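Subject: Structure handover

Dear colleague,

I am passing the structure below on to you. My notes on what was found in it follow.

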Amino acid sequence: LGIAPSFPVGQGKVISGLDQGLIGLCKGASAYIIIPPHLAYGRTGMPQQGVGSDATLRYDIEVLDIQAPLPNDFVNIDANKDWKISRSE
């Protein structure tokens, strides 16, 4: 048993393979997520965490809770919808 981390899904806060593997899981779901190297740490690995070069990762997941996303105020501020904030906005 480990510590239950909390992070937003689909926003690049974790390796892309984990982001992709979590999408669609519901509260209470359990899953094994197998992540190939190109969706994990690739050729570089993550030696400081014991992940070697070209490692395939396996996560044993249990979704304990799902929280509503935080409001995105950026879309309200970006008046011209160019995904940039100018001084006039």
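Val 14 is a convenient starting point: this residue sits in the segment before H1. Please keep in mind throughout that the model is a predicted one. With a relative accessibility of 21%, Val 14 is classed as partly exposed, because the buried class ends under 20%. Apart from its neighbours within four places in sequence, Val 14 is in contact with Phe 7 and Asp 19. Its C-alpha atom is 9.1 Å from that of Ala 40, a residue 26 positions away in sequence.

Ser 16 belongs to helix H1, which covers residues 16-22. Ser 16 is also partly exposed, at 33% relative accessibility. Between Ser 16 and Tyr 59 there are 13 Å from C-alpha to C-alpha, and the two are 43 residues apart along the chain.

Next, the largest pocket.

The volume of the largest pocket is about 1,300 Å³. Its lining is made up of 31 residues, and those closest to the centre are Pro 5, Ser 6, Phe 7, Val 9 and Asp 65. Phe 7 thus appears twice in these notes, as one of the residues closest to the pocket centre and as a contact of Val 14. H1 and strand S2 (57-62) each give at least two residues to the lining. S2 provides the largest share, with 5 residues. By residue type, the lining consists of 22 nonpolar, 5 polar and 4 charged residues.

Then the aromatic rings.

The count of aromatic pairs in the model is 1. The pair is formed by Phe 74 and Trp 83, whose ring centres are 5.5 Å apart and whose planes are at 20 degrees to each other. The pair counts as stacked because planes under 30 degrees apart fall in that class. How exposed are Phe 74 and Trp 83? Phe 74 has a relative accessible area of 25% and is partly exposed, whereas Trp 83 is exposed, with 62%. Separately, Arg 58 is placed over the face of Tyr 32, at 4.0 Å from the centre of the ring.

Trp 83 deserves a second entry, this time for its backbone. Trp 83 lies in the segment after helix H2 (74-77), and its phi is positive, about 65 degrees, although the residue is not a glycine. Asp 54 is another non-glycine residue with a positive phi, near 55 degrees. For context, most residues other than glycine have a negative phi. Asp 54 is located in the loop between strand S1 (30-35) and S2, and at 42% relative accessibility this residue is partly exposed.

Lys 84 is likewise found in the segment after H2. Its relative accessible area is 57%, so Lys 84 is exposed, the cut-off being over 50%. Leaving out neighbours within four places in sequence, the residues in contact with Lys 84 are Phe 74, Asp 78 and Glu 89. For Lys 84 and Phe 74, the C-alpha separation is 9.2 Å, with their positions 10 residues apart in sequence. Phe 74 therefore has two entries here, one as a contact of Lys 84 and one as the stacking partner of Trp 83, with the angle of 20 degrees falling under the 30 degrees required.

When you open the file, I suggest this order of reading: the pocket lining with S2 as its largest contributor, then the stacked pair of Phe 74 and Trp 83, and then the positive phi values of Asp 54 and Trp 83.

Regards

How values were computed. Residues are numbered from 1 along each chain as its sequence is written. This is a predicted model: local features need pLDDT of at least 70, side-chain atom pairs count only at pLDDT 80 or more; totals for chains, interfaces and linings use all residues. Side-chain values use heavy atoms; hydrogens and water are left out. Rings of Phe, Tyr and Trp (its six-membered ring) pair if their centres lie within 6.5 Å; planes under 30 degrees apart count as stacked, over 60 as edge-to-face and the rest as tilted. Buried means under 20% relative accessible area, exposed over 50%, partly exposed in between (1.4 Å probe, protein chains only). A charge sits over a ring if NZ of Lys or CZ of Arg is within 6 Å of the ring centre and within 35 degrees of the ring normal. Helices (H or I, at least four residues) and strands (E, at least two) are DSSP runs, numbered from the N terminus. On a 1 Å grid over the protein atoms alone, a cavity is a set of points where a 1.4 Å probe fits but cannot get out, and a pocket is an open set with protein on both sides within 12 Å along at least five of seven lines; lining residues have an atom within 4 Å of a point. Grid points are joined across faces, edges and corners, and a volume is the space filled by probe spheres set on the points. Ala, Val, Leu, Ile, Met, Phe, Trp, Tyr, Cys and Pro count as nonpolar, Asp, Glu, Lys and Arg as charged, and the others, Gly among them, as polar. Contact means heavy atoms within 4.5 Å.
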